[in-house]
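Work through the following exercises with the sequence and the model side by side, and try each task before reading its solution.

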Amino acid sequence: VIKCKAAVAWEAGKPLSIEEVEVAPPKAHEVRIKIVATAVCHTDAYTLSGADPEGCFPVILGHEGAGIVESVGEGVTKVKKGDTVIPLYIPQCGECKFCKNPKTNLCQKIRITQGKGLMPDGTSRFTCKGKQVYHFMGTSTFSEYTVVADISVAKIDAAAPLDKVCLLGCGISTGYGAAVNTAKVEPGTTCAVFGLGGVGLAVIMGCKIAGASRIIGIDINKDKYAKAKEFGATECISPQDSKRPIQEVLVEMTDGGVDYSFECIGNVGVMRAALEACHKGWGVSVIVGVAAAGQEISTRPFQLVTGRTWKGTAFGGWKSVDNVPKLVTDYMSKKIKVDEFVTHTLPFDKINEAFELMHSGK
């Protein structure tokens with residue numbers, strides 16, 4: 001058993017607490033990882049808020065991490081002690097019907113136990129002050145050591161800077177893949193990206209790499225426009241600058257609507273606007289943001305009857321074990337940006353400040 005520091009969420013709505021936790025050794029088909037760097041994501045905050053129906057407490061949150069394999073359990077063949085890895089919240093077992101289908105990346109092998117905050121055998125590897133602590137998204141990267149299933153880990157280039165590539169564990173991969181895999185953005189097209197946080201910037205990067213000629217960034221926070229333009233946005237607008245609905249403004253700006261739109265916020269009203277900003281006959285709108293539990297989307301069916309397509313994406317459609325190492329390679333060869341997404345670097349004990357920076361849009 002390893003004793004180490006972790007940020008424990010004891011209950012919903014309270015700040016994280018840095019505690020000493022015990023991390024049990026990996027069982028069969030499990031991997032124990034020394035986490036070197038982790039990022040924070042709105043999904044962590046969503047569960048911490050208490051709004052997540054799958055949220056269970058106490059829990060160690062975090063799902064954008066990178067580290068080094070400390071030890072492996074029986075039967076693990078794909079990684080060994082000392083390997084550099086990224087934990088994966090969407091695993092890839094290669095055996096279930098989802099993994100065998102090229103149309104999806106949603107491996108379901110450990111979905112039920114992962115959703116309950118447990119390892120595949122139905123137990124936890126974390127204890128703190130004598131209490132069992134739950135896992136989160138199969139990763140729990142807010143701990144100096146974590147244990148994951150062997151299908152939830154990608155071995156990456158040992159030379160990769162872990163404080164950067166940890167972002168490929170969720171946000172950058174999700175946004176970039178939404179553009180290149182889910183929407184399949186084509187050269188010369190017009191795109192609209194709603195929400196200019198990390199995921200939105202990654203979508204813009206994907207649209208630019210795919211050859212889009214016009215990329216419109218949409219956000220009420222104008223402080224984000226300069227960064228969006230660095231990533232490839234050709235112009236940025238705020239819904240608050242017009243009395244008309246934003247979809248009407250976009251339809252007028254683009255002679256009938258955009259070819260592709262992306263919702264990167266998790267707001268069902270914005271999801272509707274993103275669909276309705278698409279061009280009749282061929283427009284495609286991709287939902288990237290995760291809305292709160294129980295919320296529903298709506299539009300007039302005529303929007304779809306007249307040829308628009310509404311799609312969703314999780315982790316950008318990447319089959320994780322196969323593609324995360326390739327994304328790291330693409331970063332190392334400067335095909336995709338990663339460093340530019342990092343705004344602040346904080347010590348682990350300032351993790352609550354990291355959440356405050358995220359919530360304030362900084």
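Two exercises with worked solutions follow.

This is a predicted model, in which local features need pLDDT of at least 70 and side-chain atom pairs count only at pLDDT 80 or more, while totals for chains, interfaces and linings use all residues. Residues are numbered from 1 along each chain as its sequence is written, and side-chain values use heavy atoms, with hydrogens and water left out.

**Exercise 1.** Describe the secondary structure and the overall dimensions of the protein chain.

*Solution.* Begin with the DSSP runs, where helices are H or I over at least four residues and strands are E over at least two: the protein chain has twelve helices and 16 strands. Next, its radius of gyration, taken over C-alpha atoms, is 20 Å, close to the 21 Å from the globule rule (2.2 Å times the number of residues to the power 0.38) for 362 residues, so the chain is as compact as a globular protein of that length. Finally, along the principal axes, the C-alpha atoms fill a box of roughly 65 × 40 × 35 Å.

**Exercise 2.** Locate the two annotated domains and state the helix and strand content of each span.

*Solution.* First, an unreviewed UniProt entry, whose annotations may be inferred rather than shown by experiment, places "Alcohol dehydrogenase-like N-terminal" at residues 28–156; this span is 13% helix and 30% strand, with its end C-alpha atoms 22 Å apart. Then turn to residues 198–326, which the UniProt record labels "Alcohol dehydrogenase-like C-terminal"; here the content is 37% helix and 16% strand, and the end C-alpha atoms lie 20 Å apart.
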